[in-house]
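Student: Could you go through this protein with me and show how each label is earned?
Tutor: Happily; let's look at it together.

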Amino acid sequence: MGVLTPLRRVSDLVNQVAIVVCVGCILAMLGISFTAFLYKLITGSTLSWTYSLARLFLPWIGFLSMTISLRYGEHVAMTLLVRSLPKVMVQVAAGLCLAVIGLFALLLTWYGWDYFTSATQVYMVSDQIRIPSKVTAIVVPISGVMMLLHLVHGFALLEHFMDEQDVIGELIDTADREHRS
């Protein structure tokens, strides 16, 4: 258990970095789109490169947000079905769920790395702006590694073990502390 605590801290830190990168990508997309809007408004003509450049951020947003949602337990789950099972079966189902997530993360890393190394195209955003496809392809294995790292949280990633009354109590306590500060 001595190794898990530092790994969980690293997982939390990586998750915070992923959140910042996702927000940065969204802001960059909005900035590019707003620039295109202002340019069209002022000059009456369009910038040909804005749409192509803005869409290059989508893979980063999609894959990194997938790892963020995994870390917070916001993934596809059949909670009602699982909670109706006996406790032993809930633990077995949770173990299987974590194993499937781990297998998916391993495959994402393995095949994502192959995809990254074989990415040779260059995105022609404009005549002057050329971006190698490796810039977007690298997010695939990175997200797989991040998902594997998040697995150190174990059953905490799954909402099968959360008690609604405890969650409601924590939310009430948090709201009380915010008003008193």
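The conversation below sets computed values against the definitions behind them.

Tutor: A word on the source: this is a predicted model, where local features need pLDDT of at least 70, side-chain atom pairs count only at pLDDT 80 or more, and totals for chains, interfaces and linings use all residues. Residues are numbered from 1 along each chain as its sequence is written, and side-chain values use heavy atoms, leaving out hydrogens and water.

Student: What makes up the secondary structure of the protein?
Tutor: There are eight helices and two strands. Helices are DSSP runs of H or I with at least four residues, and strands are runs of E with at least two, numbered from the N terminus. From that end, the order is α-α-α-α-α-β-β-α-α-α.

Student: Which residues does the annotation "transmembrane region" cover?
Tutor: The unreviewed UniProt entry gives residues 17–41, 53–72, 92–113 and 134–156. Such annotations may be inferred rather than shown by experiment. In the model, residues 17–41 are 100% helix, with end C-alpha atoms 36 Å apart. Residues 53–72 are 85% helix and 0% strand, and their end C-alpha atoms are 30 Å apart.

Student: Why is His150 called buried or exposed?
Tutor: Buried means under 20% relative accessible area, exposed over 50%, and partly exposed in between, using a 1.4 Å probe and protein chains only. His150 has 0% relative accessibility, so it counts as buried. His150 lies in helix H7, residues 139–150. Beyond its neighbours within four places in sequence, His150 is in contact (heavy atoms within 4.5 Å) with residues including Ser11, Asn15, Thr67 and Arg71.

Student: And why does Phe37 count as it does?
Tutor: Phe37, in helix H1 (residues 4–43), has 46% relative accessibility, so it is partly exposed. Phe37 also belongs to a nonpolar surface patch with Phe34, Leu38, Leu41 and Ile42, together about 540 Å² of accessible area. Patch members have over 30% relative accessible area and no salt bridge, and nonpolar side chains are joined within 5 Å. A salt bridge would be a side-chain nitrogen of Lys or Arg within 4 Å of a carboxyl oxygen of Asp or Glu.

Student: Why is Cys25 not in a bond with Cys22?
Tutor: A disulfide is a pair of cysteine sulfur atoms within 2.5 Å. The closest cysteine sulfur to that of Cys25 is in Cys22, 6.3 Å away, so the two are too far apart for a bond. By this rule the count is zero disulfides.

Student: How do Cys25 and Cys97 rate for burial?
Tutor: Cys25 is buried because its relative accessible area is 8%. Cys97 has 22%, so it is partly exposed.

Technical notes. Patch = residues over 30% accessible without salt bridge, like charges linked within 9 Å, V, L, I, M, F, W, Y side chains within 5 Å. Areas by Shrake-Rupley, 256 points an atom, 1.4 Å probe, with all protein chains shown as cover.
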